[in-house]
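Colleague: I should like a close look at the aromatic side chains of this protein and at the framework that carries them. Please take the rings as the starting point and work outward.

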Amino acid sequence: MRKGEHSMAAFVLLESSPVMLAPWHALSTRALVNVKSPFEKAHGEDIWSYAEDNLAHSQLINEAMACDARVAVPAIIENCGKELFDGVGTLVDVGGGNGTTMSLLIKACPWIQGINFDLPYVVAAAPKGEGVENVGGDMFQCVPKADAAFLMWVLHDWGDEECIHILKKCREAIPEDKGKVIIVEAVLEEGKEENKLKDVRLMLDMVMMAHTGTGKERTLREWDYVIKEAGFSHYTVKPIRAVQSVIIAFP
């Protein structure tokens with residue numbers, strides 16, 4: 001069902017497309033620590049370069065992420081409350097795609113002025129929304145200034161060194177006294193604790209292995225490492241009714 005508030009059709013179509021299935025047949029490149037990622041082995045370039053060169057695929061990625069946002073953002077508001085965004089006048093969504101996440105956040109918290117930040121070719125196709133400014137750029141170079149930065153399903157695409165670099169750029173973009181970085185990502189469980197979404201999170205770890213060069217899902221211990229290495233003083237973790245948890249990092 002393509003229509004409907006919680007439709008995941010675009011996500012299913014993305015992951016079952018020939019483009020995204022082909023790297024699964026090249027997983028040995030990752031296991032053998034080959035210089036190429038499975039996606040690059042299959043298509044000759046990484047997933048981001050491929051998306052830039054194939055805008056229909058880029059659109060499908062953005063539509064898939066929008067599907068997830070329509071599930072995750074209400075869960076964030078429900079489980080964390082609007083208090084999460086109290087005192088946040090400006091919010092930058094780093095890697096915000098077509099702006100669906102920011103539009104949903106603005107609707108729930110109308111006092112926020114939103115910045116939807118992504119690569120120039122991505123935001124060029126993003127619709128204009130009230131209270132949301134689309135800004136193109138490179139998160140590895142600079143993140144737009146805001147009271148808080150928001151990252152959902154971004155950091156799992158990258159290895160530890162890249163994550164630390166991105167988080168440092170986010171830390172530079174927020175105020176030292178009251179700023180915060182809101183990370184919405186899966187937190188893998190360690191030990192024997194059971195959760196009905198545990199297998200889903202492990203499956204996503206395999207997806208990262210197939211589709212990215214160094215990306216992975218992380219345990220709390222691994223999140224602790226990259227957050228502290230990026231210079232944040234402390235953080236809190238809040239589970240929500242979704243695959244992800246909300247990690248709030250403070251300067």
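Which residues do ring pairs link into a cluster?

Modeller: The cluster joins Trp48, Phe140 and Trp158 through ring pairs. The model is predicted, so local features need pLDDT of at least 70 and side-chain atom pairs count only at pLDDT 80 or more, while totals for chains, interfaces and linings use all residues. Residues are numbered from 1 along each chain as its sequence is written, and side-chain values use heavy atoms, with hydrogens and water left out.

Rings of Phe, Tyr and Trp (its six-membered ring) pair if their centres lie within 6.5 Å; planes under 30 degrees apart count as stacked, over 60 as edge-to-face and the rest as tilted. This rule gives three aromatic pairs. Phe39 and Tyr50 form an edge-to-face pair, because their ring centres are 5.7 Å apart and their planes meet at 80°. This pair connects distant parts of the chain, 11 residues apart: Phe39 belongs to helix H4 (residues 38–43) and Tyr50 to helix H5 (residues 47–53). Helices (H or I, at least four residues) and strands (E, at least two) are DSSP runs, numbered from the N terminus.

Both rings of this pair are sheltered. Phe39 is buried at 0% relative accessibility, and Tyr50 is buried at 14%. Buried means under 20% relative accessible area, exposed over 50% and partly exposed in between, with a 1.4 Å probe and protein chains only.

In the cluster, Trp48 and Trp158 are stacked, with 6.2 Å from centre to centre and 20° between the planes. Here the two partners lie 110 residues apart: Trp48 is in helix H5, whereas Trp158 is in the loop between strand S4 (148–152) and helix H9 (160–173). Trp48 is partly exposed, with a relative accessible area of 29%, whereas Trp158 is buried at 18%. The loop between S4 and H9 also holds Trp153, which is buried at 10% relative accessibility. Trp153 has a positive phi, near 55°, in a residue other than glycine.

Tyr50 has a further neighbour in His57, which is part of helix H6 (residues 55–80) and is buried at 8% relative accessibility. Leaving aside residues up to four places away in sequence, His57 touches Leu14, Ser17, Val19, Met20 and Tyr50, where contact means heavy atoms within 4.5 Å. Another ring has a charged neighbour: Arg218 lies over the face of Trp223, 5.4 Å from the ring centre. A charge sits over a ring if NZ of Lys or CZ of Arg is within 6 Å of the ring centre and within 35 degrees of the ring normal.

The framework is an open sheet of seven strands in the order S3-S2-S1-S4-S5-S9-S8, with mixed pairing; two strands pair if DSSP finds at least two bridges between them. Strand S3 (132–136) and strand S8 (234–239) are the edge strands, each with a single partner, so one side of each has no neighbour in the sheet. From one strand to the next, the twist averages 20°. Axes are lines fitted to C-alpha atoms, for helices over the stretch in contact, and angles run from 0 to 180 degrees between N-to-C directions.

S4, the strand before the loop of Trp158, pairs in the parallel sense with strand S5 (residues 180–185) over five bridges, and Leu151 has Ile183 as its bridge partner in S5. H7 packs on the sheet and touches S1, S2, S3 and S4, its direction making about 155° with that of S1. Helix H11 (residues 220–229) also packs on the sheet, touching S5, S8 and strand S9 (245–250), and its direction makes about 145° with that of S8.

On the other side of S4 in the strand order is S1. S1 runs parallel to S4, joined by three bridges, with Val92 opposite Ala149 in S4. S1 also pairs in the parallel sense with strand S2 (residues 113–118) over five bridges, and Thr90 has Gln113 as its bridge partner in S2. Strand S1 (residues 90–94) is largely enclosed by the rest of the structure, because four of its five residues are buried. S1, helix H7 (residues 100–108) and S2 make a right-handed β-α-β unit; a crossover is right-handed if, with the strands pointing away from the viewer, the path from the first strand over the helix to the second runs clockwise.
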